[in-house]
Each structure stands twice: as C-alpha cells, then as structure tokens.
Amino acid sequence: MKVAIHQPEHFPYLGFFEKMKHADLFVILDDVQYKKNNWQNRNKFLNKNNVEDFFNVQVEKEATKKLINEVSVVDGPWRKKTIKKLQQNFNIDTSDIYSYDKLIDVNMASIIWAREKLNINKPMVLSSDLSIKTKSTQRLVDICNEVGATEYISGLGGKTYLDDNLFTCKISYFKPKIPNNYSIIQHI
C-alpha cells in the first residue's frame, strides 16, 4: 500500500492533490506544531488582474504554541473579506468552508471541497487518530508501519531531512507535474 503524509494546508496547491492521487492512503498530519507564515492558514492565487493575491484564515495569537488541530480561528472581518475575495475572483461560495472555529476544520473542509471537484476518492485519515507520539522521521516511519505501508511517497523536500535508513518500506520522492504553485482554487 502506497502512503502519502502531508500537513493540512489551507486550500493546498495542485501538487498536494497529485500526490494524493498517487497514494492508496493519504494521512493528514494534523497533530504537529503549527508554524507561522506557512501554508497552514493561508495561500495565494492570481486574481482577475493577474496579480498575486493572498487569502488567509486569521488564527489566535498563541497558535505557534499549539498543534495544528488545536489552533482556533478568531472572529472578525477576515471571514467576510476572504469569502468575498474568492467569490469575486472565482465565482464560488466558500461560506460553508469558513464557518468553522478550528483551523483543522476549515482546512479539512477546503481539502474535501477540492477532492470532490477533482474526483479524488482515496481514503484519508488524520494522524491524530493513530495516537503516534514520536518525532521527525521516526514519526513518519511509525505512521507507515501503523497503516501497513509498503511504500512511503514523500515530497521532494523529504530528501533534505528524512533518514531513509529508518524506513522498513520503500521510499519514493514525488515531483508534481503542475503549471504553478498557486492554491488549488486557481485550477478549479
């Protein structure tokens, strides 16, 4: 069984979904540290004027001290602003996606929305449901062992930090064939 593991990004880029299509099981790594200025609560697209534009989910001030699945979304005008921006540029209603109070729920709603649009039906599990507490490469190895992986599909960045010797299954490094790194919303 081919397994891919990825953090729950906000409306991830097309490569996220290409990797998902190559896997038999996709694990959402939701119980790791939230990182500021990453893709967990924001993404970008080219707007109608062909200008790069960011859209985001405003999170609590203490988010960097929490795991992704613990981070709360703050109330405020950001919701309406983001929903309006996506409506104006892509003619889609994302109000349901932005109705949640936890970042993980917003991101999972965006991932599920895109999976439906792309007709991807691969099984998906949350790493938090596996109750694995190890760190770094060992955590990925333990997830692979827990789900019975015969192959771990890593992104290319894994070449710089993975300790391949720890894996008992095959490791492959996936290079997406995509036109750009903009949010999936740009492509649907």
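The expected span of a helix is 1.5 Å times one less than its number of residues; helices (H or I, at least four residues) and strands (E, at least two) are DSSP runs, numbered from the N terminus. The model is predicted: local features need pLDDT of at least 70, side-chain atom pairs count only at pLDDT 80 or more, and totals for chains, interfaces and linings use all residues. Residues are numbered from 1 along each chain as its sequence is written, and side-chain values use heavy atoms, with hydrogens and water left out.

**Exercise 1.** Compare the expected span of helix H3 with the distance between its end C-alpha atoms.

*Solution.* Helix H3 covers residues 103–118, which is 16 residues. At 1.5 Å a residue these should span 22 Å. The end C-alpha atoms are 22 Å apart, which agrees. Just after H3, Asn 119 takes a positive phi of about 55°.

**Exercise 2.** Classify the ring pairs that Tyr 98 forms with Phe 11 and with Trp 78.

*Solution.* Rings of Phe, Tyr and Trp (its six-membered ring) pair if their centres lie within 6.5 Å; planes under 30 degrees apart count as stacked, over 60 as edge-to-face and the rest as tilted. By this rule the count comes to 10 aromatic pairs.

1. Phe 11 and Tyr 98 are 6.4 Å apart centre to centre with 40° between the planes, hence tilted.
2. Phe 11 lies in the loop between strand S1 (2–6) and H1, and Tyr 98 in the loop between helix H2 (78–90) and H3, so the pair ties together parts that are 87 residues apart in sequence.
3. Trp 78 and Tyr 98 have 5.9 Å and 80°, an edge-to-face pair.
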